[in-house]
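The following exercises invite the reader to examine one structure step by step. Each task is followed by a worked solution.

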Amino acid sequence: MYTNRFSTFLSFVRKECYHIFRDRWTTIILLIMPVLMIILFGFAISTEVKNAHIVVLDPSQDAATHAIVNKLATSEYFTIDRYVYDLKEIDALFKKDKIGMCIVFSERFYENMMHSGDAHIQLIADGSDPNYAYTLTQYATALISTYQQENLFQNIKLPYQIQTDIKMLYNPTLKGAYNTVPGVLGMVLMLICAMMTSISIAREKEMGNMEILLVSPLKPITIILSKTVPYIILSFINFATILLLSVFALKVPIAGSLGLIILISCIFIFVSLALGLLISTLVNTQMVAMLISGVVLMFPVILLSGMIFPVESMGVFFQWLAKILPANWYIAAIRKVMIQGLGITSVVKEIIVLLSMAVVLIAVSIKKFKVRIE
Amino acid sequence: MIKVEHIAKKYGKVEALQDISFEVEAGEIYGIIGPDGAGKTTLFRILTTLILADKGNACLNGWDVRKDYRLIRNNIGYMPGRFSLYQDLSVEENLQFFASIFKTRIETNYHLIKDIYQQLAPFKKRRAGALSGGMKQKLALCCALIHKPLILFLDEPTTGVDPVSRKELWDLLKQLKAEGITLVVSTSYMDEAGRCDRIALMLKGHFLSVDTPQNIVNHYTDDLWAVSSCNMSKLLTDLKNYPAMKSCYAFGDVHHISLQQQATAYTTSQQALQTYLENLHHNELSIRKIEASIEDCFMELAARSSLENKKPKQYV
Amino acid sequence: MYKETHTHEEHLSIVAQGLTKRFGSFTAVDNISFNVKKGEIFGFLGANGAGKTTAMKMLCGLSKPTSGNATVAGFDVSTQSEQIKKNIGYMSQKFALYEDLKVWENMRLYAGIYGLNDNEIKSRTDEILQQLDFQNERNTLVKALPLGWKQKLAFSISIIHQPDIVFLDEPTGGVDPAARRQFWELIYQTADKGITVTRTTHYMDEAEYCNRICILVDGKIVALDSPKQLKETYSAQNIDEVFRLLARKAIRNQ
């Protein structure tokens with residue numbers, strides 16, 4: 001009897017695989033999508049900055065300002081476009097769209113830095129492209145703070161502090177890809193597990209197959225399991241593809257433990273599957289399933305995971321919203337382990353949050369899975 | 001085998017089923033005949049445990065549709081009205097899949113499906129979606145039969161199927177009856193009534209009548225006439241204007257009519273009608289008395305039931 | 001040349017001669033010839049895949065014949081498909097009514113598509129509503145109508161521009177018997193006004209209502225006559241029997 005049930009399960013899984021692989025476009029999209037996403041986010045939509053033109057307004061013209069300007073100019077990110085002598089000129093330059101940022105030193109900079117602590121640097125960037133502006137100012141801040149640290153060793157203590165972004169510490173070369181890989185992982189796993197599972201169950205309903213399946217000896221749990229197994233396998237294939245691509249194509253090394261990454265990913269896969277099941281119990285057509293998983297799951301992940309737009313610059317509401325998205329916890333954990341090379345103790349919180357989400361969602365979706373069609 | 005007591009079901013304000021009760025004997029072909037929207041599919045879904053009734057009970061082989069739905073699902077076959085096999089799976093793969101979910105093999109009950117399967121065999125590698133309407137229904141029937149169910153529910157199995165395949169499907173159902181399977185079949189084709197042992201005529205959520213097809217025809221009370229002439233459209237208008245007309249409607253290449261005075265002798269009324277129509281210049285006139293068909297009975301019963309329904313409203 | 005045949009062809013709505021359609025090596029419609037008179041109710045019968053829909057598509061100017069020719073309402077199907085489309089009505093299997101529009105909105109929409117002006121739209125709408133006894137349903141959403149009513153509405157809308165010919169494709173079954181009668185009465189009335197009605201169907205009892213029917217088997221016409229005559233010729237009880245006798249010879253099963 002037990003083996004019999006298992007063979008039922010296997011033939012169901014086989015049927016599910018036929019569905020996936022007979023539709024050429026589904027196959028292509030499912031297998032190629034992660035590759036495309038890595039390429040897209042890793043290379044094309046790179047938030048990396050190279051040779052941004054900047055202008056300098058330096059009324060002080062002393063050792064400190066020269067050193068800082070020199071530091072910026074010698075970095076690969078900035079090119080000094082020109083020196084200006086009046087703030088009014090800047091406006092025109094920005095309007096001509098020639099420059100990305102302007103660096104303004106206060107007067108008697110060195111003197112003030114050493115004595116009164118009243119040395120100011122103002123970074124002016126074009127806010128119409130907030131993302132780019134944000135990146136530029138982040139880079140400049142990082143470089144200024146490097147200068148400050150170098151001075152720290154030669155000199156006595158410096159009275160002023162420049163805030164540095166913590167991400168820079170672990171991403172010293174400021175590579176965009178470091179941000180991208182965990183994000184793409186989160187997105188692809190979510191897409192395959194949640195979206196595809198919900199669509200495939202909605203399809204059974206839409207085509208009327210569900211009626212026959214329900215009026216058969218199959219238990220709901222068998223239906224659920226056999227519908228999800230193919231997508232679990234697919235997720236692992238995609239997971240491996242992404243990791244390989246990121247190591248070999250994007251040159252992002254895996255700093256932490258691979259085992260831990262796999263463990264966290266497994267938990268996340270369960271969360272996504274449960275979400276997919278939940279959606280499929282609520283809807284009756286593939287179209288709605290796709291819209292819901294797209295709008296409710298994918299967009300927030302893309303927008304709020306910090307992949308493209310920095311969450312720090314969003315309103316409180318969105319920061320809260322970002323916190324309830326499973327993908328964000330996953331992405332945060334993967335960032336810590338894969339990029340920063342941290343151990344399990346640093347991701348306990350993320351793991352606990354993801355685990356409890358998984359338990360709750362699976363429980364709810366199994367309970368909600370109807371044995372009837374009302 | 002099936003016992004239904006006072007089943008009712010509402011969807012919002014629409015009463016899909018109103019107080020339905022009936023019984024189906026073991027081994028009979030029970031036909032539920034009515035147009036779209038009569039409530040046939042809702043009734044089937046309640047009996048196959050897919051939805052719950054608001055009121056009433058139903059038992060299949062002694063099992064309650066509410067409580068014992070697992071047992072029922074293990075022992076019945078259901079072929080929904082919509083083609084619900086996997087279009088992207090081949091004929092063979094569909095059959096194998098359904099065999100496995102019913103925990104059986106194609107070979108086990110092969111004798112049941114042999115006749116149909118032999119017709120399907122040349123296309124067994126073809127995707128189900130590419131089959132013709134008739135072939136699709138045959139495949140669906142195979143899949144519903146694969147575990148030799150006690151009771152087989154077929155919701156409009158012949159809809160969209162050409163006449164040749166329709167006849168073949170009904171011949172197959174007769175064979176299944178011989179195998180001892182109880183069959184409940186719904187259809188909107190009145191002319192298929194004769195294929196059933198007993199039929200229930202259904203309209204707007206209730207049964208108009210339940211009986212053998214022959215008895216239903218026998219209970220048709222009026223004299224029915226078939227009238228034809230060379231101008232059928234004008235004939236219809238003229239017939240409707242005939243003073244003693246009780247009912248009059250087109251029926252294929254003739255018009256079926258019944259007259260008001262039942263007491264009038266056969267010849268007199270036919271003669272009177274003939275004269276009336278001849279005066280209106282109808283050529284090739286033919287008037288003959290005929291036996292009612294199920295469709296005639298259905299219309300008469302429907303008209304009577306709508307009258308009965310209207311009466312109380314007028315007095316309230 | 002044209003003038004000579006003019007008087008003869010004036011009362012013919014459809015003239016088809018050797019109409020053939022091939023898809024690769026597959027001949028969907030094989031050399032069919034027939035005439036349909038003005039105001040006639042003409043039925044195309046056939047099993048699934050017998051070529052009914054392909055034949056209909058050619059007559060509507062949607063598909064060019066591989067060989068042979070046909071005129072519909074006096075226009076050539078191969079070269080004048082635009083004029084044909086203006087002069088025919090078409091009602092599809094699934095009634096092209098918009099379920100979330102009201103009855104009159106559907107009417108206005110289709111009347112607009114066929115280029116009727118505001119006055120015409122108004123008078124046609126009132127006329128149709130009166131004919132169908134639908135005055136109270138003017139503002140009802142189409143999805144709230146029973147199937148039989150939708151069918152009548154869809155038909156009336158397909159002739160809202162008063163075409164010469166209306167094509168009805170594979171009517172859905174399952175309409176209740178009384179509503180079905182009303183639908184046929186509507187068709188009779190339409191034909192009385194001189195509009196030719198051509199319908200394809202695989203419901204044989206529907207075919208009995210037509211003036212003449214033509215039975216297609218494997219893309220060829222195997223019988224063309226009035227239902228009465230066909231039943232006599234094949235000494236059959238009904239068209240269903242006639243059809244089964246003829247279709248048995250079909251080679252093309254699928």
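Helices, of at least four residues, and strands, of at least two, are DSSP runs numbered from the N terminus. By that reckoning chain A has 15 helices and four strands. The model is a predicted one.

**Exercise 1. Chain A as a whole**

Task: State what percentage of the residues of chain A count as buried, and what percentage of its contacts between residues at least 6 apart in sequence join residues at least 24 apart.

Solution. Step 1: a residue is buried when its relative accessible area is under 20%. Step 2: with this cut-off, 51% of the 374 residues of chain A count as buried. Step 3: for the contacts between residues at least 6 apart in sequence, the share that joins residues at least 24 apart is 77%.

**Exercise 2. One helix of chain A**

Task: Describe the span of helix α3 of chain A, and determine which of its residues are buried and which are exposed on the other side.

Solution. Step 1: helix α3(A) comprises residues 63-74, twelve in number. From first C-alpha to last it reaches 16 Å, close to the 16 Å expected at 1.5 Å a residue.

Step 2: the buried residues of this helix are A:Ala64, A:Thr65, A:Ile68, A:Val69 and A:Leu72. These residues lie on the same side of α3(A), because they cover an arc of only 125° around the axis. A general rule helps in reading such a pattern: an α-helix has 3.6 residues a turn, so residues three or four places apart point the same way.

Step 3: the other side of α3(A) carries A:Ala63 and A:Thr74, which are exposed.

Step 4: at the start of the helix, a side-chain oxygen of A:Asp62 comes to within 3.2 Å of the backbone nitrogen of A:Ala64.

**Exercise 3. The interface of chains A and B**

Task: Establish how many residues of chain A and of chain B are in contact, and which helices of chain A each supply at least two residues to the side that touches chain B.

Solution. Step 1: the contact involves 30 residues of chain A and 33 residues of chain B.

Step 2: together the two chains bury about 3100 Å², of which 55% is on carbon and sulfur atoms. On the chain A side, A:Val215, A:Pro217 and A:Arg372 lose the most area to chain B, together 23% of what that side buries.

Step 3: three salt bridges are found across this interface, and 14 residue pairs are in polar contact. A salt bridge joins the side chains of A:Glu211 and B:Arg45, at 2.7 Å from N to O.

Step 4: α1 (2-22), α8 (177-206) and α9 (209-214) of chain A each supply at least two residues to the side that touches chain B. Of the elements on that side, α1(A) gives the most, with eight residues.

**Exercise 4. The interface of chains C and B**

Task: Find how much area chain C and chain B bury between them, and explain why the salt bridge of B:Lys240 and C:Glu185 joins two chains.

Solution. Step 1: 28 residues of chain C are in contact with 31 residues of chain B, and the two chains bury about 2400 Å² between them.

Step 2: four salt bridges are counted between these chains. Between C:Arg180 and B:Glu295 the distance is 3.4 Å, N to O.

Step 3: the elements giving two or more residues to the side of chain C that touches chain B are α7 (177-192), α9 (227-233) and α10 (239-247) of chain C. The largest share, seven residues, comes from α7(C).

Step 4: in the salt bridge of B:Lys240 with C:Glu185, the closest N and O atoms are 2.7 Å apart. B:Lys240 lies in helix α8 of chain B and C:Glu185 in helix α7 of chain C, so the pair joins two chains. B:Lys240 is partly exposed at 40% relative accessibility, whereas C:Glu185 is buried at 16%.

**Exercise 5. Salt bridges within a chain**

Task: State what separates B:Glu300 and B:Arg304 along their helix, and where the partners C:Arg180 and C:Asp205 lie.

Solution. Step 1: B:Glu300 and B:Arg304 form a salt bridge of 3.1 Å, N to O. They are separated by about one helical turn, because they are four residues apart in helix α10 of chain B.

Step 2: C:Arg180 also forms a salt bridge with C:Asp205, at 3.1 Å between the closest N and O atoms. This pair links distant parts of the chain, with C:Arg180 in helix α7 and C:Asp205 in helix α8 of chain C, 25 residues apart.

Step 3: salt bridges with shared partners join B:Glu295, C:Arg180, C:Arg181, C:Arg199, C:Asp205 and C:Glu206 into one network.

Methods. Residues numbered from 1 in each chain as written. Chains lettered and ligands numbered in written order. Predicted model: local features only at pLDDT ≥ 70, side-chain atom pairs only at ≥ 80, totals over all residues. Heavy atoms only, no water. Expected span 1.5 Å × (residues − 1). Buried < 20%, exposed > 50% of the residue type's maximum accessible area, 1.4 Å probe, protein only. Arc of directions from axis to C-beta. Polar contact = N/O pair within 3.5 Å; in protein donor to acceptor, adjacent residues only side chain to side chain. Contact = heavy atoms within 4.5 Å. Buried area = accessible area lost by both parts, 1.4 Å probe.
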